[in-house]
Amino acid sequence: MTHTLIRKVRQAAVSLLLGFAATWPAHAADYPDKPITFVVPFGAGSATDLLARALSASVTEQAGQAVVVENRPGASGMIAAQHVARARGDGYTVLITTNTTQAANPHLFKKLPYDPMTDFMPLTGLGRGGQVLVVRADAPFKTVHDVVRAARQDPGKLSFGSGNSSSRMAGEMLKQLTGTDIVWVGYNSNPNALNDLLGGHIDMMVIDTVTGLSQIEAGRLRPLGASTRERLPRLPQVPTLDEAGIKGYDMGYWFAAYVPRGTPAAVADALRQWLVAAVGSQGAQDFFRHSATQAWTTTAAELDDFQKAELRKWGGVVKAAGIKPE
């Protein structure tokens, strides 16, 4: 091989490496060198938004770069999820999301603009929360058994409302496990459904603690059963629905963090470490305490396995409920 040819090969190799360097993220030692964006699928003031902002303050301190929270609400979280799925895998775009985008949507919509498993790399779980079966304080139902008995005596007479997928599926699971016919009434948000419950337009809800806790503590709602396997820390006197006789009942909600598929492992690991530490920060702990949500962190592999199990569970509930994807 001539010296001229060797020189050309070397030049070509250098050009190729420079090309990769222009498009490939910096090594973790140089990361981050610009602000990081936390993309939230729901509006400002939502539980996911509040958690993201609490986490962003801690990650900003740890990373030495500003973390910006960007709200992209709409289409059941699909707008935000699609945006992150199509973003560069460079560690500067992080999806702070929930079971809605990662477990429920695939079963509720015929076509998604993203794949919740293949388009993302899981980082860590962030928090888990429960829901509560509630009725008005002046309702005749004192226990879960009272509700089930009334629903069996008069099929189709009682109604439950919901304003998000978690609440809807929790109500559907209640019907499935008790063999009852309770009419579903849909709303565009849980607060709107709650207003109708308080106004006497619907009979019950399985509501998230973030939305319902203040009304429970004010004595306007009577909590009958928690949706999770264990009793809720803020409502220790309320039995779980499983304890109340609906065996096998378990339907909570969760928050987790993801980055686009293809993000370098070293960068993803750095983000995960910052987020795990942020979950333990004072700001995040305040959020968990006030919202009756529990801190929950995982490895990437644990979150991946958990999400797969959630996809199966949600799929089973949707199918059994006879819900046709939109």
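Let me start with Ala292, which at 8% relative accessibility counts as buried. The model I am presenting is a predicted one. Ala292 sits in the loop that runs between helix 10, residues 282–291, and strand 11, residues 293–295. Its backbone deserves a remark: Ala292 is not a glycine, and yet its phi is positive, at about 60°. Most residues other than glycine have a negative phi, and most peptide bonds are trans.

Ser76 also departs from that pattern, with a positive phi of about 55° although it is not a glycine. Ser76 belongs to the loop between strand 2, residues 67–71, and helix 3. Is Ser76 buried or partly exposed? With a relative accessible area of 35%, Ser76 is partly exposed, whereas Ala292 is buried.

On the peptide bonds, I would point to the one from Tyr31 to Pro32, which is cis, with omega near 0°. Pro32 is located in the loop between helix 1, residues 3–23, and strand 1, residues 36–40.

Let me now step back to the chain. There are 326 residues, and 52% of them count as buried. The secondary structure consists of eleven helices and eleven strands. Along the principal axes, the C-alpha atoms fill a box of roughly 95 × 40 × 30 Å. Among contacts with a separation of 6 or more, 76% join residues 24 or more positions apart. The accessible surface is about 14800 Å², and carbon and sulfur atoms contribute 54% of that area. As for charge, the chain carries 32 positive and 28 negative charges, and their mean positions lie 5 Å apart.

I turn next to helix 4, residues 99–108. Eight of its ten residues are buried, so helix 4 is largely enclosed by the rest of the structure. Which residues of helix 4 are buried? They are Asn99, Thr100, Thr101, Gln102, Ala103, Ala104, Asn105 and Leu108. The elements covering these buried residues include helix 3 (78–85), strand 3 (93–98) and strand 4 (120–129). Helix 6, strand 10 and helix 11 are also among the covering elements.

Two of those covering elements meet each other. The axes of helix 6, residues 165–178, and helix 11, residues 300–321, come within 10 Å and cross at roughly 65°. The crossing of helix 6 past helix 11 is left-handed. On the helix 6 side, the contact is made by Ser165, Ser166, Met169, Glu172, Met173 and Gln176. On the helix 11 side, the partners are Trp314, Val317, Val318, Ala320 and Ala321.

Helix 11 offers two further residues to examine. Ala300 is in helix 11 and, at 29% relative accessibility, counts as partly exposed. Beyond four places in sequence, Ala300 touches Pro122, Leu123 and Arg272. Its C-alpha atom is 9.3 Å from that of Ala268, and the two residues are 32 residues apart along the chain.

Leu303 is likewise in helix 11, but Leu303 is buried, with a relative accessible area of 0%. Not counting residues up to four places away in sequence, Leu303 touches Pro122, Leu123, Thr124, Gly125, Ala256, Ala257, Tyr258, Trp296 and Thr298. For one of these, Tyr258, the C-alpha to C-alpha distance to Leu303 is 9.8 Å, with the two positions 45 residues apart in sequence terms. Pro122 and Leu123 thus appear in the contacts of Ala300 and again in those of Leu303.

The final region is the loop between strand 9 and strand 10, which holds Ser227. What is the relative accessible area of Ser227? The value is 0%, and Ser227 is buried. Leaving aside neighbours within four places in sequence, Ser227 is in contact with Gly130, Gln131, Val206, Leu241, Tyr249, Asp250, Met251 and Gly252. The C-alpha atoms of Ser227 and Tyr249 are separated by 6.8 Å, and the residues are 22 residues apart along the chain.

Asp242 is in the loop between strand 9, residues 221–226, and strand 10, residues 253–260. Why does Asp242 count as buried? Its relative accessible area is 18%, and buried means under 20%. With neighbours within four places in sequence set aside, Asp242 is in contact with Arg229, Lys247, Gly248 and Tyr249. Tyr249 therefore figures in the contacts of Asp242, where contact means heavy atoms within 4.5 Å, and Tyr249 is also in contact with Ser227.

Notes: Residues are numbered from 1 along each chain as its sequence is written. This is a predicted model: local features need pLDDT of at least 70, side-chain atom pairs count only at pLDDT 80 or more; totals for chains, interfaces and linings use all residues. Side-chain values use heavy atoms; hydrogens and water are left out. Helices (H or I, at least four residues) and strands (E, at least two) are DSSP runs, numbered from the N terminus. Buried means under 20% relative accessible area, exposed over 50%, partly exposed in between (1.4 Å probe, protein chains only). Accessible areas come from the Shrake-Rupley method with a 1.4 Å probe; for residues, only the protein chains shown count as cover. Lys and Arg count as positive and Asp and Glu as negative; His and the chain ends are not counted. The place of a charge is taken as NZ of Lys, CZ of Arg, CG of Asp or CD of Glu. Axes are lines fitted to C-alpha atoms, for helices over the stretch in contact, and angles run from 0 to 180 degrees between N-to-C directions. A crossing is left-handed if the near helix is turned anticlockwise from the far one by less than a right angle, and right-handed if clockwise.
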